[in-house]
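Here are some short exercises to work through with the model open beside you. Try each task before reading its solution.

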Amino acid sequence: MNFPLTLTVSDRQSMDRELDAAVAAAKAHALNGKRHGILVTRHGVDRFTVDLSDAVPFGLTRECQAW
């Protein structure tokens, strides 16, 4: 799986489901190298990215808003 993952959601239920799946995939990938944390960025009402980040310590997930 390639990061960042970009998600566009249509409703709250799909947002929760898709973000949970993307963060789980990022966690699995981060465990391999044990160097990156996970950064979830909200770009709008319905658009998110989930990425591995050197700025986030391994084992942590941070959220930010860019809108």
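**Exercise 1: a histidine in a loop**

The side chain of His36 makes a polar contact with the side chain of Asp54, at 2.9 Å; a polar contact is a pair of N or O atoms within 3.5 Å, where within protein one must be able to donate a hydrogen and the other to accept it, and residues adjacent in sequence count only if both atoms are side-chain atoms. Before going further, note that this is a predicted model, in which local features need pLDDT of at least 70, side-chain atom pairs count only at pLDDT 80 or more, and totals for chains, interfaces and linings use all residues. Residues are numbered from 1 along each chain as its sequence is written, and side-chain values use heavy atoms, with hydrogens and water left out.

Task: Find the place of His36 and decide whether His36 is buried or exposed.

Solution. Start with the place: His36 sits in the loop between α1 and β2 (helices are DSSP runs of H or I with at least four residues, strands are runs of E with at least two, both numbered from the N terminus). Next, take the accessibility: His36 counts as buried because its relative accessibility is 18% (buried is under 20% relative accessible area, exposed over 50%, partly exposed in between, with a 1.4 Å probe and protein chains only). Finally, list the neighbours: beyond four places in sequence, His36 is in contact with residues including Ala30, Leu52, Val56 and Phe58 (contact means heavy atoms within 4.5 Å).

**Exercise 2: the two sides of a helix**

Task: Work out which residues of α1 are buried and why they line one face of the helix.

Solution. First, the extent: α1 covers residues 12-33 and reaches 32 Å from its first C-alpha to its last. Second, the buried residues are Ser14, Met15, Leu19, Ala22, Val23, Ala26 and Ala30. Viewed down the axis of α1, these buried residues fall within an arc of 145°, so they line one face (the arc is that of the directions from the helix axis to the C-beta atoms). Third, turn the helix around: the face away from the buried side carries the exposed residues Gln13, Asp20, Leu31 and Asn32. Last, check the cover, which includes β1, β2 and β3.

At the ends, a side-chain oxygen of Asp11 comes to within 3.2 Å of the backbone nitrogen of Gln13 at the start of α1, and Lys34, just after the helix, has a positive phi of about 50°.

**Exercise 3: strands and core**

Task: Describe how β3 pairs with β1 and β2, then find which residues touch the most other members of the largest nonpolar core.

Solution. Begin with the pairing: β1 and β3 run antiparallel, joined by 4 bridges, and β2 pairs with β3 in the antiparallel sense over 6 bridges (strands pair if DSSP finds at least two bridges between them). Thr6 stands opposite Thr49, while Gly37 stands opposite Ser53. A hairpin of 4 residues connects β2 to β3.

Now look at the side chains of β1: Leu5 and Leu7 point to one face and are buried, whereas Thr6 and Thr8 point to the other and are not. In β3, 5 of the 7 residues are buried.

Then turn to the core, which has 15 residues; Leu19 and Val50 touch the most other members (a nonpolar core is a set of buried Ala, Val, Leu, Ile, Met, Phe, Trp, Tyr and Cys residues joined through side-chain atoms within 4.5 Å). α1 gives this core its largest share, 6 residues.

Terms used: The expected span of a helix is 1.5 Å times one less than its number of residues.
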